[in-house]
Amino acid sequence: MDIKKTGLILSGGGARAAYQVGVLKAIHKILPKGHYNPFDIISGTSAGAINGVALASYAENYRLGIKHLERIWMHFSCDQIYRTDFWGMSRSLARLTRSLIVGRRYKNDPVSLLDNGPLRDLLGDVIKFDNIQSAIDNGALHAIAVNCSGLESGESVSFFQGHYSITNWERQRRVGLRSRITLDHLMASSAIPMIFPAVKIHREFFADGAVRQLAPLSPALHLGAEKIMVIGVSGIAHKRKERPTSHSYPSPAKVMGHMLNAAFLDSMETDVERLRRINRTIEKIPEAVRVKQGMELRHVELLEINPSRSLDELAGQHAAEIPRALKLAIGGSGNAGQNGAGVLSYLLFSHGFCNALIELGYNDAMERTDEIRAFFSDHFHD
């Protein structure tokens, strides 16, 4: 039986990406025992890129990679991601305020709410980037892509490392560039604008890959994926619900959470809906007609897994875990719960919240065991 190249799409979402770890853990439990990597192609954005590169670095021993990834997220604390002390946060706030009012003192001064230097140190210690090329050379991995957003060009750039047969691509507002994936690519992909500092790669500064990412599924398809698994972080919050009545002006945290949802969630949902619509259209056109007309469209099998509950609500239940300095920075203690739960779900890298997300991801995936087994049916053949 031919095994189609399987692509894994890991969307961005800050702390929400812990949910992906739970799903991946369940997939490992559901699939047949072994050390092989079930994902030929991995495309990650923002925190999803961190998970993706970590997996790629363990592509030759997937079981160990999942355990390593789970261990990292289960022991996370906010101070491992960004400086949470009053001095560090006050300095970042002062620099941001000065830049907005009177301009930057130096042209390379970073402009951000938080200093994510601790994250750079952590990733440098736990991810073995050299293992990625080894996995590609040995056939355990076909390609890995890290998606970033160019602040000057306005383009969505997919930096990829993969099989020699893969070539660069260029589409409207999005390009793919062969690169040796480094720590800078990860820091750039996860640099939420105005919250974390942008990173210069070659000649341009890059920020979070979710910004202006028009087609999140596209990089995996360009890299050769024939079927795709998407692990999102939107939860049930994206489903249409009754519009509430506003009794007061939205807090800064509420506005920030809304903007983050627009950047991280909307484009993924739209692209998944587009792929499903294309698949339905293809099913109605006989293959002979498609060939005769030179239609390049092809059916791409899709499995999407999203949280079964609102991650904003889950973050609100863990609001007490937010560092005091950050609580003040996003608008005071009154915004840390209900009004600020949206932004909290992106920035709350706390032990309790991350573990709750991992558990939710694991349970959601196990509930869909039959679908996962069907998606990976070529891995179960005798």
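# A tour from C354 to L217

Start by selecting C354, which is buried, with a relative accessible area of 0%. Buried means under 20% relative accessible area, exposed means over 50%, and partly exposed lies in between, using a 1.4 Å probe and protein chains only.

The structure on your screen is a predicted model, in which local features need pLDDT of at least 70 and side-chain atom pairs count only at pLDDT 80 or more, while totals for chains, interfaces and linings use all residues. Residues are numbered from 1 along each chain as its sequence is written, and side-chain values use heavy atoms, with hydrogens and water left out.

**Stop 1: the cysteines and the whole chain**

Next, select C148, which counts as buried at 0% relative accessibility. How many disulfides are there? The count is zero disulfides, where a disulfide is taken as a pair of cysteine sulfur atoms within 2.5 Å. A disulfide is a covalent bond between the sulfur atoms of two cysteines.

Now show the whole protein chain as a cartoon: it has 15 helices and ten strands. These are DSSP runs numbered from the N terminus, with helices being H or I of at least four residues and strands being E of at least two. Of the 382 residues in the chain, 53% are buried. Among contacts (heavy atoms within 4.5 Å) between residues at least 6 apart in sequence, 77% join residues at least 24 apart.

**Stop 2: S46 and helix α2**

Select S46, in the loop between β2 (41-45) and α2. Its phi is near 60°, a positive value in a residue other than glycine. S46 is buried, with a relative accessible area of 2%.

Go on to α2, residues 47-56. Ten of the ten residues of this helix are buried, so α2 is largely enclosed by the rest of the structure. Among them are A47, I50, N51 and A56.

**Stop 3: the two sides of α5**

Select residues 117-126, which form helix α5. Which of its residues are buried? They are L119, L122, L123 and V126. Seen down the helix axis, the buried residues of α5 fall within an arc of 95°, so they line one face of the helix. The arc is taken from the directions that run from the helix axis to the C-beta atoms. On the face turned away from the buried side, look for the exposed residues D121 and D125.

Add α3 (62-74) and α7 (183-189) to the selection, together with α2: the buried residues of α5 pack against these three helices.

**Stop 4: the cavities**

Rolling a probe the size of a water molecule over the atoms shows where empty space is left. Here a cavity is a set of points, on a 1 Å grid over the protein atoms alone, where a 1.4 Å probe fits but cannot get out; its lining residues have an atom within 4 Å of a point. Grid points are joined across faces, edges and corners, and a volume is the space filled by probe spheres set on the points. The search finds five cavities of 30 Å³ or more in the whole structure.

Select A47, I50, W73, F76 and L119, which lie nearest the centre of the largest cavity among its 21 lining residues. Its volume is about 190 Å³. Helices α2, α3 and α5 each supply at least two residues of this lining. By class, the lining has 17 nonpolar, four polar and no charged residues. Nonpolar covers Ala, Val, Leu, Ile, Met, Phe, Trp, Tyr, Cys and Pro; charged covers Asp, Glu, Lys and Arg; the others, Gly among them, count as polar.

The second largest cavity has a volume of about 60 Å³. To find it, select its lining residues, including S156, W169, R174 and P219. At least two lining residues come from each of β4 (156-162), β6 (174-178) and α8 (218-222). This lining divides into four nonpolar, four polar and one charged residues.

**Stop 5: three loops**

Select R173, in the loop between β5 (169-171) and β6. Its phi is near 65°, a positive value in a residue other than glycine. Is R173 buried or partly exposed? R173 is partly exposed, with a relative accessible area of 37%.

Move to A319, in the loop between α11 (311-317) and α12 (324-329). A319 counts as buried at 13% relative accessibility. Measure from its C-alpha atom to that of L348, 29 residues apart along the chain: the separation is 8.2 Å.

Finish at L217, in the loop between β8 (204-208) and α8. L217 is buried, with a relative accessible area of 2%. Its C-alpha atom and that of G7 are separated by 9.2 Å, although the two residues are 210 residues apart along the chain. Leaving aside residues up to four places away in sequence, L217 touches I9, I228, V230, M268, D271, V272 and L275.

Notes
1 Å grid on protein atoms, 1.4 Å probe; cavity = no way out; pocket = protein on both sides within 12 Å on 5 of 7 lines; lining within 4 Å.
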